[in-house]
There are 2 protein chains.
Amino acid sequence: MIRGADALVVGGGLIGCTLAAELAARGLEVVVVERDEPGGEASGAAAGMLSPQTDASEPSPFFELALEGRDLYPEWSRVLREETGIDVGYRRIGLLRCFTERDPHAAGAAAAAAWQRARGLRVEQRSRADAQPGGVVERLAADVSAMLFFPDEAVVDPRRLTRAAWLSAERRGARVLTGVAVRRFRIERGACRGVDTDAGPIEARRVIDAAGAWAAFDERLPLPVPVEPVRGQIVEVRLAGRPLETVVSSEEVYLVPRPDGTTLLGSTMERVGFRKEVTAGAVARLLEGAERLLPEIASARFVTAWAGLRPATPDGWPLLGASPIDGLFFAAGHFRNGILLAPSTARHVADLLTGRPSERRLSPFSVERFAGLPSRA
Amino acid sequence: MIRGADALVVGGGLIGCTLAAELAARGLEVVVVERDEPGGEASGAAAGMLSPQTDASEPSPFFELALEGRDLYPEWSRVLREETGIDVGYRRIGLLRCFTERDPHAAGAAAAAAWQRARGLRVEQRSRADAQPGGVVERLAADVSAMLFFPDEAVVDPRRLTRAAWLSAERRGARVLTGVAVRRFRIERGACRGVDTDAGPIEARRVIDAAGAWAAFDERLPLPVPVEPVRGQIVEVRLAGRPLETVVSSEEVYLVPRPDGTTLLGSTMERVGFRKEVTAGAVARLLEGAERLLPEIASARFVTAWAGLRPATPDGWPLLGASPIDGLFFAAGHFRNGILLAPSTARHVADLLTGRPSERRLSPFSVERFAGLPSRA
């Protein structure tokens with residue numbers, strides 16, 4: 001039995017561990033319950049792109065939260081390295097979005113580049129004519145006819161990062177219980193006061209659901225949590241030539257160079273429930289799409305493939321902040337952006353929990369925006 | 001130092017171990033030298049199809065040797081099971097060769113079916129109209145317009161088989177030295193009398209080169225051995241539906257159901273030297289080809305992929321029997337048919353080595369058929 005924790009974080013993925021570290025740094029007594037081990041699910045399966053600009057079609061509170069996440073990374077990486085000794089592989093290598101004549105997103109991307117530049121962000125038009133000798137542009141398929149380069153997009157190694165966030169939380173005094181599953185949320189007189197686990201009850205003044213794709217907890221939470229798993233598959237290859245100097249993407253696929261010299265090809269979006277298997281069809285489509293963008297993929301060494309379950313909400317934005325149940329909070333539903341949003345999520349949810357004024361309102365990410373959704377039976 | 005062996009087999013793959021077991025059964029003192037472990041190379045990488053009919057375009061001594069191999073399997077499997085306790089997975093499940101309107105091999109296959117039937121072999125025309133409900137034909141792609149079924153083709157598990165052949169050789173008294181590499185062949189006065197290894201010299205009255213793709217031994221053999229590696233890649237998947245009841249193949253790919261419920265997709269033919277890596281392009285082509293034949297492949301679970309090096313000769317037939325060097329023999333160059341040809345190879349090479357009259361002449365497989373080839377510098 002654990003009594004009197006200030007905060008109990010349910011789910012020890014990157015979001016949970018980062019939040020726990022932040023809360024512990026602010027002096028709270030924090031417990032994290034993780035049924036497996038940090039990084040065992042989506043956090044460890046991500047490709048590690050920090051690319052808010054590439055994915056943004058319009059300005060929004062989500063875009064600002066994502067940009068803030070990206071901006072926090074250099075300093076956060078430095079702190080994690082100091083605290084844990086782990087180099088989380090943060091590198092601002094940029095992202096080259098490639099378009100063929102057939103790509104239906106070319107016009108939208110040009111419009112996005114315009115408002116992003118007006119917002120003070122860097123987006124560069126690239127052409128094959130001014131390709132650097134030996135650079136990535138020369139290696140692209142012949143039908144890539146236009147490119148946008150986002151020099152401030154970055155990458156990080158999600159597995160190292162999750163491990164570092166876990167260690168950081170522990171070094172700062174949080175207790176991270178691994179291999180412990182939640183059986184029940186303790187709701188007393190309409191307020192959440194802890195959980196029962198297979199290792200006994202844990203009492204806490206605040207409970208934060210950071211359980212990723214599992215945040216809805218089947219029937220174990222007495223409110224609808226609109227989070228569902230969306231499978232994403234990734235193939236890892238090793239190019240015969242030298243590693244790419246930047247992330248490269250098309251409408252079909254992205255290619256992320258890793259610090260160890262391999263390249264990740266991602267990803268799929270599949271609503272297949274909690275099934276994490278790698279499928280032959282996805283591997284084939286990722287390899288084909290990558291080969292259409294970078295022909296030398298055909299001779300790349302196939303290393304491995306895996307799948308993860310993204311926690312998707314109906315609008316693709318995360319669930320952050322208070323819930324209708326007193327004492328229960330959300331730091332969940334990060335969908336494709338859990339890595340990117342981890343530091344800004346931790347900051348603002350911690351502000352909320354510690355009563356500090358936050359420079360960013362969490363209301364756009366409140367579960368109440370889904371109030372019109374049908375509740376579960 | 002090992003002295004006075006009757007036979008030294010260089011290479012402990014399936015061919016080497018099977019030959020060693022056969023020679024030991026005939027009372028010879030046999031030593032096998034294997035630089036890795038039996039099954040570590042092509043023997044363990046094969047898909048395990050025993051399909052002489054499917055691949056035969058015309059009658060030939062090779063076809064007869066292959067048929068004999070297939071015919072020996074039921075009894076050989078029984079003996080191996082008795083001797084070693086290992087079920088080698090032999091199953092006569094047949095092979096369904098599928099043709100689309102575009103398949104350029106359809107006419108040739110029909111002609112092959114005709115002469116094979118005249119030879120007394122079974123080949124059955126199948127049509128979509130008489131498909132069994134729930135059977136494999138119903139699962140095929142819509143553009144499969146014609147089929148030939150070879151009911152006597154079979155499969156075996158090459159890894160279990162190689163392990164069983166290894167154990168059988170040892171049980172019969174052969175010494176199988178693993179992790180021992182050959183440094184030099186001992187040629188004295190024009191005769192081969194053993195090898196020097198990194199574990200010391202081994203003297204033997206007869207030396208049999210059964211080293212698969214490595215049979216040419218770089219500069220270590222003083223004669224040209226026309227064997228080269230041809231890479232073959234295989235993808236293993238697990239179908240969501242029930243396993244296939246027969247091997248299925250198209251002009252692009254074959255699908256082999258395994259006893260453990262997975263399916264192997266093979267294979268490529270690549271002349272890339274001694275490079276065993278799995279490539280992204282091959283994985284993509286195998287998956288695409290399999291999906292074109294059996295659409296449900298798209299949702300199959302991707303398990304793994306691997307590559308092996310087939311020992312190819314210029315004409316695709318093996319190198320069997322005596323060499324120009326006294327005391328040196330070949331049991332090599334089995335290319336795509338090492339599993340199938342192992343029992344017939346062992347029988348006839350053992351006949352030659354023990355002075356028995358063999359019912360099959362090995363001259364079509366002699367190295368001398370390549371006498372006109374340019375010798376190495």
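1. **Two domains in chain A.** In this predicted model, the domain assignment splits chain A into two parts. Domain 1 is pieced together from residues 2-77, 158-226 and 314-370, while domain 2 takes in 95-151 and 229-312. As you scroll along the sequence, keep those ranges at hand. The centres of the two domains, taken over C-alpha atoms, lie 29 Å apart.

2. **Where the domains meet.** How many residues does each domain of chain A bring to the contact? Domain 1 of chain A contributes 30 residues and domain 2 of chain A contributes 28. Between these two domains about 2,300 Å² of area is buried, and carbon and sulfur atoms account for 64% of that.

3. **Polar links between the domains.** Two salt bridges are found across the interface of domain 1 and domain 2 of chain A. Here is a salt bridge to look up in chain A: the side chains of A:Arg119 and A:Glu64 come together, with an N to O distance of 2.7 Å. Eight residue pairs, both partners at pLDDT 80 or more, are in polar contact between the two domains.

4. **What domain 1 offers to domain 2.** On the domain 1 side of this contact in chain A, four helices each supply at least two residues: α2 (42-45), α3 (52-55), α4 (61-84) and α7 (158-171). Which of the elements gives the largest share of that side? It is α4(A), with four residues. Sorted by class, the side of domain 1 that touches domain 2 holds 15 nonpolar, eight polar and seven charged residues.

5. **Where chain A meets chain B.** Now turn to the contact between the chains. Chain A and chain B put in 19 residues each. The area buried between them is about 1,400 Å², with 61% coming from carbon and sulfur atoms.

6. **Polar links between the chains.** Two salt bridges are counted between chain A and chain B. To see a salt bridge for yourself, find A:Arg285 and B:Glu291, whose closest N and O atoms are 2.9 Å apart. The count of residue pairs in polar contact between chain A and chain B, both at pLDDT 80 or more, is eight.

7. **What chain A offers to chain B.** Two elements of chain A, α8 (280-293) and β16 (301-312), give two or more residues to the side that touches chain B. Of the elements there, α8(A) gives the most, with nine residues. By class, that side of chain A has eleven nonpolar, three polar and five charged residues.

Methods:
Residues are numbered from 1 along each chain as its sequence is written. Chains are lettered from A and ligands numbered from 1 in the order in which they are written. This is a predicted model: local features need pLDDT of at least 70, side-chain atom pairs count only at pLDDT 80 or more; totals for chains, interfaces and linings use all residues. Side-chain values use heavy atoms; hydrogens and water are left out. Domain bounds come from an automatic or database domain assignment. Contact means heavy atoms within 4.5 Å. Buried area is the accessible area (1.4 Å probe) that two parts lose on being put together, summed over both. A salt bridge is a side-chain nitrogen of Lys or Arg within 4 Å of a carboxyl oxygen of Asp or Glu. A polar contact is a pair of N or O atoms within 3.5 Å; within protein, one must be able to donate a hydrogen and the other to accept it, and residues adjacent in sequence count only if both atoms are side-chain atoms. Ala, Val, Leu, Ile, Met, Phe, Trp, Tyr, Cys and Pro count as nonpolar, Asp, Glu, Lys and Arg as charged, and the others, Gly among them, as polar.
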